[in-house]
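Open the model in a viewer with the sequence panel beside it. The stops below go from the whole chain to single residues.

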Amino acid sequence: MGALERHFEPATLFKWGFNLSPMFRRTTAPITEVTPDLHRVHVELPISWKNRNYVGSIFGGSLFSAVDPIPMVQLLRILGDDYVVWDKEARIQFRRPAYQDVVANFIYSEDELSAIRAQVAEQGEILWEKVTDLTGRDGKTVYSTVTKTLYVATKDHYRAKLAMRRERAQP
C-alpha cells in the first residue's frame, strides 16, 4: 500500500479498498463513510434479492459478513505498524428479522484506544471485545449484535512468542 498512501488519505484507501474488494463487494454492504482518523466507519446493508432469505428477511450470513472484517482492519490501521491485530472469535446474536435496510457503525473512542494501548504495553498482548449492532436506519431497532474478540499485541511481543513456539517445536 506504500505507493497508494503517498497519493490518498487513509480513510479513502480504507473505504475504497473494502468497497472494490471482490470478497467484501459480495456482502452487498458498502462502506459509505469513514472519518479521516478511521475512528468511525459506517456500513449500509440494503435489503435486495441478493441477500434475502427464504422468508424474505436479510440472510443471517449477509448480516454477519457485512461487519466481519471491519473491526480488526480498522483497529490495525488505527494502531499502526507497531501492533499485530487478529480476529480470535466472533459471535452474532439475531434479535429480530431484518425486513428493511440495516446499518452498522464501527466506532473506536480515544478512551478505548488508550485502554488498548495501555493494556498491551503492560501485558504484551490482550484479547479485546468489540460489539457492533446492526440497526435500522433510525438507529433504534437492533436486528443483530456482532461481538468480535480481537487479539492485540506489540509486534515485538508477537515475534518473540512465535520464536518461542518454533524453538519448542524443533526436536
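The tour starts with the overall layout and then moves through the sheet, the helices, the aromatic rings and three loop residues.

**Whole chain**

Show everything as a cartoon, and keep in mind that this is a predicted model. The protein has seven helices and six strands. Followed along the sequence, these elements come in the pattern α-α-α-β-β-α-α-β-β-α-β-β-α. Along the principal axes, the C-alpha atoms fill a box of roughly 55 × 40 × 35 Å. Colour by accessibility next: of the 171 residues in the protein, 40% are buried. Contacts are also worth switching on here. Of those with a separation of 6 or more, 65% are between residues 24 or more positions apart.

**The sheet**

Select the six strands and hide the rest. They form an open sheet with antiparallel pairing, in the order E1-E2-E4-E5-E6-E3. Which strands stand at the edges? They are E1 (31–34) and E3 (83–94); each has a single partner strand, so one side of each is left without a neighbour in the sheet. Turn the view to look along the sheet: neighbouring strands are turned by 20° against each other on average, direction ignored.

Now select residues 40–45 and 102–107, which are strands E2 and E4. The two run antiparallel and are joined by six bridges. To find the register, pick Val 41 in this pair; opposite Val 41 stands Phe 106 in E4. Then move across to the other neighbour of E4 in the strand order, E5. E4 and E5 also pair in the antiparallel sense, over two bridges. Here Ala 104 stands opposite Leu 134 in E5.

**Helices on the sheet**

Bring back residues 60–67, helix H4. H4 lies across E2, E3, E4, E5 (125–135) and E6 (142–154). Its direction is at about 155° to that of E3.

Add residues 155–169, helix H7. H7 lies across E3, E5 and E6, and runs at about 75° to E6.

**A helix pair**

Select residues 70–79 (H5) and 110–123 (H6). Their axes are 12 Å apart and the packing angle is about 75°. H5 and H6 are therefore roughly perpendicular to each other. Show side chains at the contact: H5 contributes Leu 75, Ile 78 and Leu 79, while H6 contributes Leu 113, Ile 116 and Arg 117. By class, this contact has five nonpolar residues, no polar residues and one charged residue.

**Aromatic rings**

Show Phe, Tyr and Trp side chains as sticks. How many aromatic pairs are there? The count comes to three. Centre on Phe 18 and Phe 24: the ring centres are 5.1 Å apart and the planes stand at 70°, so this pair is edge-to-face. Phe 18 counts as buried, at 12% relative accessibility, and Phe 24 also counts as buried, at 4%. Add Phe 14 to the selection; Phe 14, Phe 18 and Phe 24 form one aromatic cluster.

Next select Tyr 151 and Tyr 158. This aromatic pair is tilted, with 6.1 Å from centre to centre and 55° between the planes. Tyr 151 is buried, with a relative accessible area of 8%.

**Three loop residues**

Go to Thr 28, in the loop between helix H3 (22–25) and E1. Its phi is near 65°, a positive value in a residue other than glycine. Is Thr 28 buried or exposed? At 19% relative accessibility Thr 28 counts as buried, because the cut-off is under 20%.

Step on to Leu 38, in the loop between E1 and E2. Leu 38 has a positive phi of about 65° although it is not a glycine. Its relative accessibility is 4%, and Leu 38 counts as buried.

End at Ser 57, which is found in the loop between E2 and H4. Ser 57 counts as buried, at 4% relative accessibility. What is Ser 57 in contact with, leaving aside its neighbours within four places in sequence? Select Ile 47, Asn 51, Arg 52, Pro 97, Ala 98 and Tyr 99 to see these contacts.

Note on methods
Residues are numbered from 1 along each chain as its sequence is written. This is a predicted model: local features need pLDDT of at least 70, side-chain atom pairs count only at pLDDT 80 or more; totals for chains, interfaces and linings use all residues. Side-chain values use heavy atoms; hydrogens and water are left out. Two strands pair if DSSP finds at least two bridges between them. Helices (H or I, at least four residues) and strands (E, at least two) are DSSP runs, numbered from the N terminus. Axes are lines fitted to C-alpha atoms, for helices over the stretch in contact, and angles run from 0 to 180 degrees between N-to-C directions. Contact means heavy atoms within 4.5 Å. Angles under 35 degrees count as roughly parallel, over 145 as roughly antiparallel, 65 to 115 as roughly perpendicular and the rest as oblique. Ala, Val, Leu, Ile, Met, Phe, Trp, Tyr, Cys and Pro count as nonpolar, Asp, Glu, Lys and Arg as charged, and the others, Gly among them, as polar. Rings of Phe, Tyr and Trp (its six-membered ring) pair if their centres lie within 6.5 Å; planes under 30 degrees apart count as stacked, over 60 as edge-to-face and the rest as tilted. Buried means under 20% relative accessible area, exposed over 50%, partly exposed in between (1.4 Å probe, protein chains only).
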